[in-house]
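Work through these exercises with the sequence and the 3D structure open. Try each task before reading its solution.

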Amino acid sequence: MEIDKTTYEDLSLFSHEEEYSIFHKLDFTRTTGGKDLLLEYFNHPFSKLEPILETQRVLTLIGEKMDSWPTSISNGTIMVMERFYETGVDDIPEAHNLPAALSYKIFHGPDYAMVRYSVGHFADFARGMNQLVALLDQPGCPRLLSDMLQKARKQLDHDILQGLAKLEPGTKLNPIQVIYYGNFVRNRFKGSMQTLIEIHSRLDAWYSMAQAIRRYRLSFPVFVEQEDPYFEASSLYHLLLPAPVAYDIRLDQTTNFLFLTGANMAGKSTFIRSVGVVVFLAHLGMGVPATSLRLSLFDGILSNINVVDNLAKGESFFFNEVQRIRNTLEKIRGSKKWLVLIDELFKGTNVQDAMKCSLTVIKGLIRIRRSLFVLSTHLYEIGDELKQYPNILFNYFETSVKNDQLEFSYQLKEGVSNDRIGYLILKREKVVEMLEGL
């Protein structure tokens with residue numbers, strides 16, 4: 001599925017402030033390699049149904065086995081192993097007898113100490129990989145996982161490595177064992193060990209995804225195989241909110257355009273991001289923050305939420321809004337299915353101009369029936385002119401005022417909002433009082 005940099009930023013899939021990042025929220029990896037592969041998943045959501053469903057099956061199995069997941073492989077273990085191959089050490093004797101072992105220990109003391117320390121971590125890793133293969137390679141194992149486990153089993157199938165794996169954790173190796181196992185992993189097993197590390201990184205990334213599904217009680221979406229775009233969610237919420245309010249929403253080819261209104265801070269932007277995030281996660285094979293989600297396969301997500309000006313290029317806020325709409329039109333006017341998310345269209349111009357521009361864009365977009373659109377605006381006046389179009393769905397977030405205090409229900413309701421609370425906020429924050437006192 002295609003997602004550009006702007007959409008990644010708009011949906012907070014990544015963020016420099018980690019607490020506001022979907023990636024950080026879902027990252028339960030234990031190793032650097034696992035985190036790198038999870039990052040790769042995030043950067044390359046699937047565009048076909050088969051790998052999505054296969055990933056769902058893999059994560060389901062791992063979720064069932066998670067309580068028995070071995071703990072002997074840590075990020076430190078893998079770092080020690082990789083450093084062992086990168087660091088130059090004096091040649092380790094091939095002859096594994098006492099004279100050779102003692103000679104290496106006496107005359108190559110620092111290298112001997114490093115070999116002994118590293119071999120202990122190789123033992124932990126081999127033991128952990130044996131446990132993972134035995135835990136996961138069961139009847140009915142998904143093909144994607146089964147092929148990887150068979151590859152791991154083949155790399156582990158060596159008498160010397162299995163002998164190393166059978167050592168009890170914390171076993172103090174004698175000098176003969178140090179050079180025997182050290183020579184083997186150093187000179188005869190480097191390629192295989194690197195393959196095993198790559199396999200473990202993949203398993204760690206999947207473990208993280210399965211852990212997130214359990215931790216946040218996410219549910220797997222159901223993909224509807226059809227040509228027309230479709231999205232139906234029950235109790236959809238935003239993953240980053242500590243106490244989110246859930247939404248129900250359905251969009252299809254009949255009503256493929258959601259016209260969303262409401263006052264500032266009422267919840268429009270959060271809702272839009274919630275829709276984008278669940279569609280993204282669904283295309284990773286992940287569970288999603290919703291009680292249920294049924295959707296078609298999408299070719300991409302495009303957003304227009306946090307448009308900014310560009311002082312270096314001399315480009316205004318409004319100009320960049322127009323360019324983003326232009327780029328969106330170039331993408332979606334073909335036969336592919338897109339989810340298009342637009343928040344507060346044309347904020348960079350005056351109200352009358354914004355109304356005219358918004359109407360022009362919306363009337364054009366509603367002719368594209370192969371994509372789904374969610375557009376929010378505070379320009380509720382244009383809603384009346386749009387009610388003649390049967391494929392537009394009108395929803396709003398209500399704001400109430402009690403004793404000069406704003407109350408937001410964050411409930412999605414049918415219709416168009418005409419709330420105006422800007423002056424009330426100005427007054428509540430004592431700005432009016434300060435201005436009158438000047």
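**Exercise 1. Give the strand order of the open four-stranded sheet, then find its edges.**

Step 1. The order is β2-β6-β3-β4, and the pairing is mixed. Strands are DSSP E runs of at least two residues, helices are H or I runs of at least four, and both are numbered from the N terminus. Two strands pair if DSSP finds at least two bridges between them.

Step 2. β2 (222–223) and β4 (247–251) each have a single partner strand, so one side of each has no neighbour in the sheet. These two strands stand at the edges.

Step 3. β3 (residues 231–236) pairs with β4 over four bridges, in the antiparallel sense. F231 has L251 of β4 as its bridge partner.

Step 4. Now add the helix. α12 lies across β2, β3, β4 and β6, at about 115 degrees to β3. Axes are lines fitted to C-alpha atoms, for helices over the stretch in contact; angles run from 0 to 180 degrees between N-to-C directions.

A note on the model: it is predicted, local features need pLDDT of at least 70, side-chain atom pairs count only at pLDDT 80 or more, and totals for chains, interfaces and linings use all residues. Residues are numbered from 1 along each chain as its sequence is written, and side-chain values use heavy atoms, leaving out hydrogens and water.

**Exercise 2. Locate P289 and list its contacts away from its sequence neighbours.**

Step 1. P289 sits in the loop between α12 (268–282) and β6 (292–295).

Step 2. Its relative accessibility is 0%, so P289 counts as buried. Buried means under 20% relative accessible area, exposed over 50%, and partly exposed in between (1.4 Å probe, protein chains only).

Step 3. Leave aside neighbours within four places in sequence. P289 then contacts L218, S235, L236, Y237, L239, V278 and L281. Contact means heavy atoms within 4.5 Å.

**Exercise 3. Which residues of α6 are buried, and how are they arranged?**

Step 1. In α6 (residues 98–107), the buried residues are A100, A101 and Y104.

Step 2. Down the axis of α6, these residues fall within an arc of 100 degrees, so they line one face of the helix. The arc is that of the directions from the helix axis to the C-beta atoms.

Step 3. P99, I106 and F107 are exposed on the other side of α6.

Step 4. The cover over the buried residues includes α7 (109–136) and α10 (175–187).

Step 5. Check the N-terminal end of α6. N97 caps it, with a side-chain oxygen 2.9 Å from the backbone nitrogen of A100.

**Exercise 4. Is S371 buried or exposed, and what does its side chain reach?**

Step 1. S371 lies in the loop between α14 (351–365) and β9 (372–377).

Step 2. S371 is buried, with a relative accessible area of 0%.

Step 3. The S371 side chain reaches the backbone nitrogen of W338 at 3.1 Å.

Step 4. Not counting residues up to four places away in sequence, S371 touches P229, N256, I332, K336, K337 and W338.

**Exercise 5. Describe the setting of Q150.**

Step 1. Q150 belongs to helix α8 (residues 143–156).

Step 2. Q150 counts as partly exposed, at 38% relative accessibility.

Step 3. Its side chain makes a polar contact with the side chain of D137 (2.7 Å). A polar contact is a pair of N or O atoms within 3.5 Å; within protein, one must be able to donate a hydrogen and the other to accept it, and residues adjacent in sequence count only if both atoms are side-chain atoms.
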